Every structure is written in C-alpha cells, then in structure tokens.
Amino acid sequence: MLFADVANVFNRLEGTSSRLEMATILSASFRDLEPVALRTVVYLSQGKLHPDFYPNELGMADRSVLKSISSISGYPDDAVNSIWVETGDAGEVAERLMKKRKQMTFLDEPLTLERVIANLEKIEGESGKDSQSSKQKYFSQLLKDSTPVEARYLCRIVTGRMRVGAGSMTILDALAEAFGTKEDRPDIERAFNITCDLGLVAETLARGGVEAARRIMVSVGSPIKVMLAERLPSIPLILDRMGGRTAMEFKYDGIRVQAHIDGDSVKLYSRQLEDLTSNFPDIAAALRKQCKAEKAIIEGECVAVDPATGGMLPFQTVTHRRKKHGMDKAVEDYPVRIFMFDILFVDGTDMTVCPFGARRSRLEETFDLSETIQFTTMEAVSTSEEGEKFFNKALSMKCEGIMAKSLSPESVYRAGSRGFLWIKYKKDYEEALTDSFDLVVVGAFHGRGKRAGKYGALLMAVFDDETGKYCTVCKLGTGFDDAFLAGMPDMLDGYLSDGRPHMVEAQMEPDVWFLPTVVLEVVAAEISLSPTHTAAWGAVKNGAGLGLRFPRFTGRVRGDKGPEGCTTVNEVLDMYELQKRDEQ
Ligand code: AMP
C-alpha cells in the first residue's frame, strides 16, 4: 500500500472541521484496508505507532526534524527557522520547502506504508541520550523519498502532533460506520474503553465484525479507561441522588494509579496511561507481595505520608514521584502509600460488570494489608448527619473531601465515563460560590505593563464530550505568580497552532492559539450567562453561553489529566442549574 494514499486521507480530514464529514472520510478509507494496515493507520492518525500505553514513543524533537528538513530540501537553517517561527508546525515547514526542493533525488522510489512503518519502528526503538541523531537518520531516509504532502504528515507523526482534528471519538464513529451500524457504537466504544487500544478494536472489527469486538475482554497489561465522578454541592443532595443510602469513602489527595498484577510482574499506569512503575517501585513491590491472586487489576490513590507521623501530606509532595530522573532519592525522601478503592479484574473474572459492593468485597478478599498497602476508609451512610460526620473525619485526616459511591445493583464500573454512580464532594464546595474546575488552555493574550513580553492571560475551555469540541468559559489572568508567568512559554509553546484549532469553539480571538493540551485548576466565584463564551451555547438562553466570573488559577497544573479529562460542558451546566436553585 502506498503511503501517499494514507497522507491524502489525512489531508482531506484537515480540510474539514465537521466531525460528521471526518467520520465519513475515515470510514470510506477504513473499509478498503487490510486488518493489519487498518490498525496501523488508526495509530498513525493519532501521531503514534502503537497505543498510548506502549512503553516506547517516536518522540522526535522538533530540532531534529527541522535539521532533516534542511538537509533533504537543501535550504539553510535560517530559511527553515523563519517558517518554523511563523507557523510552529514542522509539517508546514516541510511541505513548503519540499515543494521547492533544491536537492532532488533520482531514485524515485515511492514510499510504501510498509517502508514507512519499518523506519518508524526503528525511530521508536531508539532511546536514551544520543538517540536523536539515529532517529534523525531513519527519518531522513523517509523524507528523502517523500512528496510534499507525505512530508507534512511524516513530520507530524514523528513529533506526535497530527493536528488533523480526528480524535478518538471521531475514529470510533468512523469504525461504527465502516463495520456496523449506529446502534453498535456503544459496544465498539466499550471495547475501546476497556482496552485503551483503538488499533486493536479496529483490527478486530475488520477481521470479525461487531460480534468479535463484543468479545474483547478486560485483560491484564491493557489499561482500562478510568471511571470518573460527577459532583454535587451538598451531602443532602448526594443522598437524594443515591436514593437515600450510599457508600462514602475518603477522597485522598494523591495520584490515581491502575495496577496490573500478573504473577511476578506489576505495571502501574496513570489515568493518562503513562507507565508509572518506575516512579512507584515500592508500591509495585508491595502490591506483588500482598496480592493473593495470580492476576489482578486494581485501582488506588498513591498518597505521600510523613515518615515521622504517618500522616497524609498534600498532593504537591507526591508529585516529587512523577520526576523522570533521580527516582531512587525521591523514593527514599517521599514515602508513599496506596489506598486501594477498586478491583476491575481478578483471576479470569471481569469485575467491571459487577456492582460496587461485590467489587469492594472481592478487593478486600484479594489483598493482605501492610503499612504501604491499604484500602480506602469507607462507610455506608444513610443520613445527612452521618455524611457530615464522615466528611469532617476525612478533612481531619487531610483528605480533599469524600467520594460517594452508589450501592445499587446497577453500580458497575463504567470505564471511561463520568456519571452519578460516583459523586465527589470536596472542601472547596463548602465555601459559598467557590467551585473548582479543571480547564484546558486554548489560547493566550500578550501581556502589557508588568507582564509585557510574556503571556498576560489565557483563554480557557471545557470539553463537550458529546461533540468532541472544546468551548471557552473564561479569560484567566489571576493567580499566576512570577515563576509561573516566566515558565508559561515553555509549558505551552510546543502546542502553538496556526489559527483556531478545528476542535475549539470560540468567539474571542486570543493573540495565539494552542492545541488543547495543558489542564489547569481554576476556582471561580460564579457561573453566569455570557455573550462571548461558547460553553453550553444556547442551552440556557438563545445567543448566550456560560462563563466563569472572577476565575483564579489555584497554582495546580493538572499534569495527570488530559484535555478530554477536564471539566465538561455538562458539568458546568449542572453546576449552573444548582447555583440557580441555591439562589432561589
Ligand atoms: P477529580 O480529580 O477532582 O475529578 O476527582 C477524581 C479523582 O479522585 C480520582 O480520579 C482519583 O484520583 C481520586 N480519588 C481519591 N480518593 C478516591 C476514592 N476513594 N475513590 C475514587 N477516586 C478517588
């Protein structure tokens, strides 16, 4: 198969901002592909060669890609750099310069998909200090034989920023269109949610249709998309929603970890599917030792503890364990415990389909506890007084608040979804008109006065999980200290976008746009109708969306959350309704 055909599909995707049209373009091309090629094309469309949780990545630095473009196109570094500064997109640089390429090759060997994959595999296989030069060598071999459009997408694939706008939800739409019907979409999505592997789902569909996709099972080694909680602003409302009785657990302020235990091997994944095993070797070892089953998948929160008192320390302390280097010292300096709260698989049994009560009992049967390995503190609650007492106990133990969990027979583990089977209630919510939001940065405004030469304010958005779009909710300029302001370009400029990204819906025009990537925690005084912000546009009032008043950055960058894990439009809408009710 020719790589040109794949690049043409990407090019057509980039020409539209309609999710429907993207799904149609993709489904037509998916039907024509062999199962194995389909699997690869699905990964490539996301700027990857393997699923997110695969340990190696293509990981080419922009600098190395730009060097290859210079040497293959025959243009000097400054010509390359000037387009790079203008566009921030290596793909654009390559396409423009390859069109007027000075050095032609006479080999004229068209790139096949197989050849592209073979070299990408070599690039992915190189890691460590001197890997960029070998990666560059393999990349240049591809660039040399590529057309301008192929070059555009090769550059974007190796840097992991495809910018074609086809997110995983669009790919699932396309797979349903290609191999099933609209009615099959939830089953196909479930297969993805329990494996986090779009390529595997695609290949399975191409081989055996929807029936085969339905047979995909939870399995140790394939991370499961995490279940998420809704929020409510008071304990009586939570009890009401839970039908008068609920389980309550402490809500620990740490890092969520999904542990896959397989005999002697243990792997730990973050909610963003990063491999955290080397960050928590002590937790991995203790889980292996204390687990009575041969195979299990569990979830828990890793929390830093004070070595002298055993008391829990705030989130900032455990983040020392997210470093890439110097882990041995961090393990010694920052002792951690895991508080386990769920079990998703044990010795051949898929526990995600069992109600919460059954899962909790099975979790308790499966582990012997130790100082490092504990269960979350849990209590069944049926009155507001009991609930308030439990909440205060959680705060006195330095927890963030509580998690209420439904005890109904329907309380299965809903992988990848946010719903009212779990409801969070945090300390913030108690303070009148204060609520916290995890918002994604989509743009920035240049600073003035004291902030001249830096970004002065950010345009922030929430995620619409029905349309896959990001909608703005506020302009954020408060809560930044000097160090944060100085570090903003480093944190954000890798995601600069030429103009508004397809998946962002905005009326405001910031000075620069970003691909939605970085998530910040923000508190606000109130949610109000807004003529400029696009969140929940028209849902409350025609010609208005919802915006946050007096937003302030809390100082917490949510590196553990991806853009799709940020606060959703529906959550903002629910909070707005509750706020109105409280005001009445
Ligand atoms: P938030 O990050 O505010 O959306 O809250 C959800 C997060 O709380 C989960 O992803 C976990 O990391 C964390 N958490 C802490 N304690 C618990 C618990 N007992 N049950 C479930 N999640 C918990």
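Which residues come nearest to the ligand? Here are my notes, bearing in mind that this is a predicted model.

1. To take that question straight away: Glu249, Arg271, Glu301, Lys405 and Lys424 come nearest, out of 16 residues around the ligand.

2. Next, where the ligand goes. The ligand sits in the largest cavity. Three elements each give two or more residues to the shell around it: strand E2 (246-251), strand E10 (401-405) and strand E11 (418-426).

3. Now the polar contacts, starting with the backbone. At Tyr252, a backbone N or O atom lies 3.0 Å from a nitrogen atom of the ligand. Side chains come in too: Arg256 has a side-chain N or O atom 2.9 Å from an oxygen atom of the ligand, and for Lys426 the distance from a side-chain N or O atom to a ligand oxygen is 3.1 Å. As for cover, the ligand taken alone exposes 500 Å², and the protein buries 97% of that.

4. Away from the ligand, have a look at a strand pair further along the chain. Strand E19 (residues 526-530) and strand E20 run antiparallel, and five bridges join them. If you want one pair to find on screen, try Ser530, whose bridge partner in E20 is Gly545.

5. Is strand E20 mostly covered or mostly uncovered? Mostly covered: E20 spans residues 545-549, and four of its five residues are buried. In this note, buried means under 20% relative accessible area, counting protein chains only.

Notes: Residues are numbered from 1 along each chain as its sequence is written. This is a predicted model: local features need pLDDT of at least 70, side-chain atom pairs count only at pLDDT 80 or more; totals for chains, interfaces and linings use all residues. Side-chain values use heavy atoms; hydrogens and water are left out. Buried means under 20% relative accessible area, exposed over 50%, partly exposed in between (1.4 Å probe, protein chains only). Two strands pair if DSSP finds at least two bridges between them. A residue is near a molecule or strand if one of its heavy atoms lies within 4 Å of it. A polar contact is a pair of N or O atoms within 3.5 Å; within protein, one must be able to donate a hydrogen and the other to accept it, and residues adjacent in sequence count only if both atoms are side-chain atoms. Accessible areas come from the Shrake-Rupley method with a 1.4 Å probe; for residues, only the protein chains shown count as cover. On a 1 Å grid over the protein atoms alone, a cavity is a set of points where a 1.4 Å probe fits but cannot get out, and a pocket is an open set with protein on both sides within 12 Å along at least five of seven lines; lining residues have an atom within 4 Å of a point. A molecule sits in a cavity or pocket if more than half of its atoms lie within 2 Å of its grid points.
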